Amino acid sequence: MSLLQHNRKLSDKVNRHVKNQVSRDEIVPKTQSVTFTRNLRVDNHITNQVAALIDLGIAENTKQLINDLVQSRINQLNKEDQNRLNKVVQSLEMKDFYTIKSKINN
């Protein structure tokens, strides 16, 4: 036997009116982009290969070379994996934004 007895006919007759619709942007602001320097840890062999590619003129600097290599690999992904990647990247970007925001507010 149930503890609560609901009168379904009564709930069908109740009119619900929203007085103030809240948008998602009011609760979760659109993520602003933050940029700060991070380090990647790699071994000396990868560091030497990156330096050699820059010496060959493949890129002007390490940042550009790594960006180009990452973009090249992303372009090889199928659309489904690219969409999944974008969602993960957006989550990480939001994490960075809120981390910086919390440091500024403290």
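# Asking why in a predicted model

Me: In this predicted model, why is phenylalanine 97 called buried?
Reply: Phenylalanine 97 has a relative accessible area of 9%. Buried means under 20%, so phenylalanine 97 is buried.

Me: What makes phenylalanine 97 and tyrosine 98 an aromatic pair, and why is it called edge-to-face?
Reply: The count of aromatic pairs comes to one. In that pair, the rings of phenylalanine 97 and tyrosine 98 are 5.2 Å apart, centre to centre. Centres within 6.5 Å make a pair. The angle between the planes is 70°, and over 60 degrees counts as edge-to-face, so both parts of the name fit.

Me: Is tyrosine 98 buried, exposed or partly exposed?
Reply: Tyrosine 98 is partly exposed, at 32% relative accessibility. Partly exposed is what lies between the limits of under 20% for buried and over 50% for exposed.

Me: How do you know that serine 33 comes near phenylalanine 97 in space, and how far apart are they in sequence?
Reply: From C-alpha to C-alpha, the distance between serine 33 and phenylalanine 97 is 6.7 Å, while 64 residues separate them in sequence. Serine 33 sits in the loop between α2 and α3.

Me: Why does serine 33 count as exposed?
Reply: Its relative accessibility is 64%. Exposed means over 50%, so serine 33 earns the word.

Me: How do you know that arginine 38 and aspartate 96 form a salt bridge?
Reply: Their side chains meet at 3.8 Å, N to O. The limit for a salt bridge is within 4 Å, so this pair passes.

Me: What does that salt bridge tie together?
Reply: Arginine 38 belongs to the loop between α2 (24-27) and α3, and aspartate 96 to helix α5, so the bridge links parts that lie 58 residues apart in sequence.

Me: Which of these words, buried or exposed, goes with arginine 38, and which with aspartate 96?
Reply: Arginine 38 is exposed, at 58% relative accessibility. Aspartate 96 is buried, at 18%. The cut-offs are over 50% for exposed and under 20% for buried.

Me: How many salt bridges are counted?
Reply: There are two. One of them joins aspartate 81 and arginine 84, with 2.9 Å from N to O, which also falls within 4 Å.

Me: Why are aspartate 81 and arginine 84 about one helical turn apart?
Reply: They are three residues apart in helix α5, so about one helical turn separates them. Aspartate 81 is partly exposed, at 27% relative accessibility, whereas arginine 84 is exposed, at 54%.

Me: What makes glutamine 82 buried?
Reply: Glutamine 82, in helix α5, has a relative accessible area of 16%. That is under 20%, so buried is the right word. Setting aside neighbours within four places in sequence, glutamine 82 touches Ile74, Asn75 and Leu77.

Me: How much space lies in the largest pocket, and which residues are closest to its centre?
Reply: The largest pocket holds about 1200 Å³ of space. Its lining has 25 residues, and those closest to the centre are Arg38, Leu40, Ile66, Asn67 and Val70. Two or more lining residues come from each of α3 (44-55), α4 (62-76) and α5 (79-105).

Me: Which element gives the most to that lining, and how do the lining residues divide?
Reply: Helix α4 gives the most, with eight residues. The lining of the largest pocket divides into 13 nonpolar, eight polar and four charged residues.

Terms used: Residues numbered from 1 in each chain as written. Predicted model: local features only at pLDDT ≥ 70, side-chain atom pairs only at ≥ 80, totals over all residues. Heavy atoms only, no water. 1 Å grid on protein atoms, 1.4 Å probe; cavity = no way out; pocket = protein on both sides within 12 Å on 5 of 7 lines; lining within 4 Å. Points joined across faces, edges and corners; volume = space filled by probe spheres on them. Helix = DSSP H or I, 4+ residues; strand = E, 2+ residues; numbered from the N terminus. Nonpolar A, V, L, I, M, F, W, Y, C, P; charged D, E, K, R; others polar. Buried < 20%, exposed > 50% of the residue type's maximum accessible area, 1.4 Å probe, protein only. Contact = heavy atoms within 4.5 Å. Phe/Tyr/Trp six-rings, centres within 6.5 Å; stacked < 30°, edge-to-face > 60°.
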